[in-house]
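User: Could you take me through the second largest pocket in this model? I'd like to know which strands and residues line the second largest pocket, and how that part sits in the chain as a whole.

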Amino acid sequence: MSHYFIENHEVLTQDREIPLEIFGHRLGFLTNNGLFSCDKIDDASLILIQNMPPVKGAFLDLGCGYGVIGISLAKTNEIVLTQSDINSLALSYAQKNAARNGVIATLIHSDSFEKINGKFETITLNPPIHAGKDVMYRMYEDSAAHLTPDGAFYIVIQKKHGAESSIKKLKTIFKYVEIIYKKKSLFVVRSHA
C-alpha cells in the first residue's frame, strides 16, 4: 500500500477540486490521487482549523499536504505562512492551492525540519500516523526546538491513532500541554513552553 508521505506520480489522474467554506471565505483545493484525503477535506484537519485561537506572526504548517490548514488559517489571521512536506507532489498542490486562494506562502520540501530554519510563533501538525511513532515523536521534539519563546505547537489526533501516548510524549517535551478540543475520540492539543 502506498502512503501519502511516499511519492508515487503513477497514481495521478485528473485534478479535482474540493470546495470549503470556512470563516466566511469560499476556498477551493485541488487534489489528486496519491495525496492524503484526496476526495474530501480531512475531518481532523477541519477540526484543528476550527478550534485554533487567533494567531499571528511566523506560522509553519508542518506536513502540509495540499495545504488546507495553513491556507485556511492565512485567510483570517495575520500570519507569515510557511508550508512544508516530505512529498514534493503534495507541495506542488499546496503551491497551486495557495495561489488559487490568494495566499502567499513559502514552500519547503523537507523531511520534518531537515531543511527548515528559523523560529515560528505557531506550528500545526496533523501527524503522519502511518509513518510510525518514531517519526511523529521526532516531529514533536523538532517542533519544540523551532518555536519562539512564546510560541505554541498544535496537533490533532484520534484516540485510536495514539492520542493518549502522544499527549504523554508531549508532556516530556513541553512545560504546558492542554487539550483544547475533545469530541468523539478526536483531540486538538496545544503545547508550549
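Analyst: Strand E6 (120–125) and strand E7 (147–158) each supply at least two residues of the lining of the second largest pocket. Strands here are DSSP runs of E with at least two residues, helices are runs of H or I with at least four, and both are numbered from the N terminus. Before going on: this is a predicted model, where local features need pLDDT of at least 70 and side-chain atom pairs count only at pLDDT 80 or more, while totals for chains, interfaces and linings use all residues. Residues are numbered from 1 along each chain as its sequence is written, and side-chain values use heavy atoms, with hydrogens and water left out.

Back to the lining. E7 gives the most, with four residues. The full list is Pro54, Val55, Lys56, Glu121, Thr122, Asp150, Gly151, Ala152 and Tyr154. What does "pocket" mean here? On a 1 Å grid over the protein atoms alone, a pocket is an open set of points where a 1.4 Å probe fits, with protein on both sides within 12 Å along at least five of seven lines; lining residues have an atom within 4 Å of a point.

By type, the lining divides into four nonpolar, two polar and three charged residues. In this scheme Ala, Val, Leu, Ile, Met, Phe, Trp, Tyr, Cys and Pro are nonpolar, Asp, Glu, Lys and Arg are charged, and the others, Gly among them, are polar. The volume of this pocket is about 150 Å³, meaning the space filled by probe spheres set on the grid points, which are joined across faces, edges and corners.

Now zoom out. E6 and E7 belong to a chain with five helices and nine strands, and the elements run β-β-α-β-α-β-α-β-β-α-β-α-β-β from the N terminus on. The C-alpha trace spans about 45 × 40 × 35 Å along its principal axes. A compact globule of 193 residues would have a radius of gyration near 16 Å, and the chain, at 15 Å, agrees with that; the rule is 2.2 Å times the number of residues to the power 0.38, with the radius taken over C-alpha atoms.

Buried residues (under 20% relative accessible area, 1.4 Å probe, protein chains only) make up 49% of the 193. Of the contacts with a separation of 6 or more, 60% join residues 24 or more positions apart, a contact being heavy atoms within 4.5 Å.

Terms used. Buried < 20%, exposed > 50% of the residue type's maximum accessible area, 1.4 Å probe, protein only.
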